[in-house]
Amino acid sequence: MSSRPDAETGPESDPDAETGDEARFAGRGLNRVEDRRILTGEAEYVHDEAPDDALHMALVRSMHAHADIESIDTEAAENHPGCHLVLTAEDVKADYNPMPTGLHGFEEWSLADGKARYVGEPVAAVVADDRYVAEDVVDLVSVEYETREAVVDPREARENEVVVHEDVGTNVGDHEELSFGDPEEAFEEADNVIESSYSWGRISGVPLETAGVVADYDRDADAFDIDCNIQLHTLVDDTVYETLGYDPDDVNLEVPPDVGGSFGTKIALHRYCSLAAMASKAVDRPVAFVEDRIENLQGGDMHSTQREYDVKLAVDDDGTFRGLDFWFVDDFGAWPRYPVNQVLKPLSVLTNAYDVQDARYEYDLVLTNKTCQTAYRGFGVPAHLYALEMVVDEAAAELEMDPDELRRRNLVESDQMPYELPSKNVYDSGDFPAALAHVQEKIEDERDGGLLDPETVAEKREEGKYRGARPTVHIEPGVSGSDWTNRQRSDRDELDERDREDVAELPEHLRAEIREDGTVRAYLATDSSGQGHQTLVTQLLADELGVLPSDVDVSYLDSVEAPTEYGTAASRMAVMLSGAAQGLGETLAANLETLAAEVWDCDEADVTYRDGGVHRVDADGSLSLAELADADDDGDLTRASYDYEHPATRLEEFDEALARKFPVYPTAAFAANAPIVEVDANTGEVEILKLYSLRDCGTQLNPTIVEGQAHGGLAQGVGAALQEEFGYDDSGQPQAITLFDYRLPSIENVPEMELDHTETPSPFTATGAKGTGEGGMIDGPASIACSINAALEPLGVKADRIPFTPNRVRERIREREGE
Amino acid sequence: MSADDTSGVIEYPTEEISLSINGEEVSAEVEPRHKLSDFLRDARGLRGVRVGCEHGVCGACTVLMDGRAVKSCLTYAVQADGTEIETVEGLADDGALHPIQESFHEEHALQCGFCTSGFVMATKELLDENPDPDDDDIETGLADNVCRCTGYQNIYDAVHRAADRLETGETDADETHAGEDDA
Ligand code: FES
Ligand code: FES
């Protein structure tokens, strides 16, 4: 890596330069309140939580992808002096329930029951004095298997020659064909139909912290306390209490303030929570479990989707897009993991930034002998945008048009905003052509003596190094509604009859209290894993209440205290928390005015809340927050909570999408990217020399955090595009079970990024913010693949598989050479 | 299912080690199979030592052993006998963040923070050896650590800033405006 911007040009943190409004903290790049405890080693991750008297759990996992479990002999294990417990499916079935699954008709137990369906599937759980001993004990459990043939290829799985679940009878867990507008006519009438196939590999978030849980059963209360780094703990707590067969109030899930990354992948940790809880009840001691990295990569329920696409684009000779047609297979793995399926979200950005009104969308959700699929940053959208941009590149080649011109011609114009997609979601605001023009200019500059100078490019080509860049624009759909997410479990015929009133969305809850010293304590009802939610709420509440951020601290509610929440997912929190903070601030201020009027025995109209206290309008006098807290005998008025409704619930623009259970994402953050890549035709290696990006997430509440999210997302996009993948061999053996094989991008792989930001506030949200958590992972892979296409144009090679690893690049080049 | 309480019956062999941890002399009995990372975390309560992979790739467990960065998950506690170990807990001076810590904070070079102590310790080794690293030096110096959240750009900036601070001798406590933006 050559030169980088110096430290001074890092994230802008000069407050006044941002807003010109000295009084407000929102909009400033405030440093995070979370940092100090992390930097000093005082952070509290779940791996640190086991109490001294805790025992430790380890799991016996299947080494076969598909095998009948003939017998399990636990005697030697139980005789080990350090062993306290061995659990098998038999024990679980005697006392507990199956785990909820993502589709009806599947009965999955916390431990494999009779048959193992993927390598790494837990077959038995042992509890011992410590993890070292527990692993000794694991080795003593002997399981006899009768192996079967495995089904690995998702296209092949549709043939049902090997069936993963005999009782279900088919590997196609779900199938749907959706038609919007009149795609048939569009494809018939268009001058050209471009058609191609693309693959998207199994890639996932792989947070640096693995899963962990400490469960403690309270015999007197017949209830559980479970500390776990599960994501969305107030939403998916049903996966734990239903499995245990307990009342929601008796299963208290708590997430520590610090979580070492999730990116969607930790939504499905319920098996670990339940097993540790069952074990704790059996041994009457706290039971801790920390997943190790091999378990995590092999069978940790955290792989994301694998997709096989056949895509068609109907396009006229002049380059006008007429229709789009997506057919794909989504590989769910061995079980339809609850509550996740990622096939629908792409409908919210069906045509990306292009103006197309006729489209078809068809998918098969298939089961294979692989680790179960869970969510990952972007939730199915990255693969969709990749497939779409690939076919656009293909069209440019076939029509012999400049790809930039082809894209530009079809972009939604800013005067078309808000723009309704054929699939009924609505883009709130944005200027896509301007964003594209911005990065095009950067690329033009590079042609003038820079990285893409024609002379340099030609020289490099002599050495077999091919450079290229191709600007693209991408939408990052933000702020999921929740109702559509159970489309798979709904009667589809009934959806046509549904009314808007049948739709219930989940708000975001925030509460706060004024403490006696006049400081404010707020409580988040959701968990965070590095996004800085505490900082965000601190700065927003400080603004609303006219106090300093140092007067506000923020902690978390557990699953019993908090209402059922959607929480941290789908780039939701900037929008939802800022809306909630605004509403909460107003509610508290009004309460405090009432309180002050009581103290002064005057009319409420004669007092006003401002600058951290209530002031008399008609006379001298003011009450500080500390004085108000002191005056509030029963604490009613110095405490408040607020639920910020999901923005789509108030907007008729979304009525049809909501009623029909099409995915609703009311904010359209967007990015235009132009990675400059260099492909070494000799080694197949792709290096990203520089990455230009123009990003817009509406109002930026904390530009430092916004920039950080973009860097991180783009780095994951780089990994996805070029090097990460959970491969499997034909027998279902996973090929990436260490970090030597699952290649996370290191500092050597991530390019220099030059990001610019514009702010197009959302008209649909309280603060104008749009989501920004998933950005770079959504748009990175597609844009990198397009730049690879540009670079390899002279060789006639396309980046038709993600990740486009060196051996795949070489394979494609060899194929062309052999032609 | 069996729930017999049999704990304490088994005896594993142990060895005695003596070492210095963040300047404190420590003696302990450890099992030869215990990793240094587990020893520091469990027996010494130094939870700033994080384990992300336990097979030597991620660098979250990086500590300094006699001044050199080592992966404590690939080191057995018995191998640390007679050495000086430094962990992230030893850096802050009387509550004032070490310049490296302060720079990571100011440059937003951490998100979830799980990699952070490893990066901070690797940076310390780098800057101890090379007080004025350029980007290539930083790339080489930190290539053994993985961060899944930040995309590294801010980490470069943090290392440069830390180098500047160390050069000028500026610390957290010296900087009158330090923490102004801290909420
Ligand atoms: S935990 Fe030691 S290198 Fe990953
Ligand atoms: S901050 Fe999360 S892994 Fe580095």
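Tutor: Contact here means heavy atoms within 4.5 Å, and the model we are applying that to is a predicted one.

Student: OK, so how many residues does the contact take from chain B and from chain A?

Tutor: Chain A contributes 88 residues to the contact, and chain B contributes 68 residues.

Student: And what area is buried between them?

Tutor: About 6,300 Å² is buried between chain B and chain A, with carbon and sulfur atoms giving 54% of that area.

Student: How many salt bridges and polar contacts cross over?

Tutor: Four salt bridges are found across the interface of chain B and chain A, one of them joining the side chains of Arg148(B) and Glu724(A) at 2.8 Å, N to O. Counting residue pairs in polar contact, with both residues at pLDDT 80 or more, gives 27 between the two chains.

Student: Which helix of chain B gives the most to the side touching chain A?

Tutor: That is H5(B), with five residues; helices H1 (36-43), H2 (99-106), H3 (116-129) and H4 (135-141) of chain B are also among the elements giving two or more. By class, this side of chain B divides into 28 nonpolar, 20 polar and 20 charged residues.

Student: Switching topic: how many cavities of 30 Å³ or more are there?

Tutor: There are seven, and the largest holds about 100 Å³ of space.

Student: Which residues lie nearest the centre of that largest one?

Tutor: Of the 14 residues lining the largest cavity, Glu476(A), Arg695(A), Asp696(A), Cys697(A) and Thr772(A) lie nearest its centre. Strands S27 (667-680) and S28 (686-696) and helices H20 (703-722) and H21 (775-792) of chain A each give two or more residues to the lining, which by class has six nonpolar, four polar and four charged residues.

Notes: Residues are numbered from 1 along each chain as its sequence is written. Chains are lettered from A and ligands numbered from 1 in the order in which they are written. This is a predicted model: local features need pLDDT of at least 70, side-chain atom pairs count only at pLDDT 80 or more; totals for chains, interfaces and linings use all residues. Side-chain values use heavy atoms; hydrogens and water are left out. On a 1 Å grid over the protein atoms alone, a cavity is a set of points where a 1.4 Å probe fits but cannot get out, and a pocket is an open set with protein on both sides within 12 Å along at least five of seven lines; lining residues have an atom within 4 Å of a point. Grid points are joined across faces, edges and corners, and a volume is the space filled by probe spheres set on the points. Helices (H or I, at least four residues) and strands (E, at least two) are DSSP runs, numbered from the N terminus. Ala, Val, Leu, Ile, Met, Phe, Trp, Tyr, Cys and Pro count as nonpolar, Asp, Glu, Lys and Arg as charged, and the others, Gly among them, as polar. Buried area is the accessible area (1.4 Å probe) that two parts lose on being put together, summed over both. A polar contact is a pair of N or O atoms within 3.5 Å; within protein, one must be able to donate a hydrogen and the other to accept it, and residues adjacent in sequence count only if both atoms are side-chain atoms.
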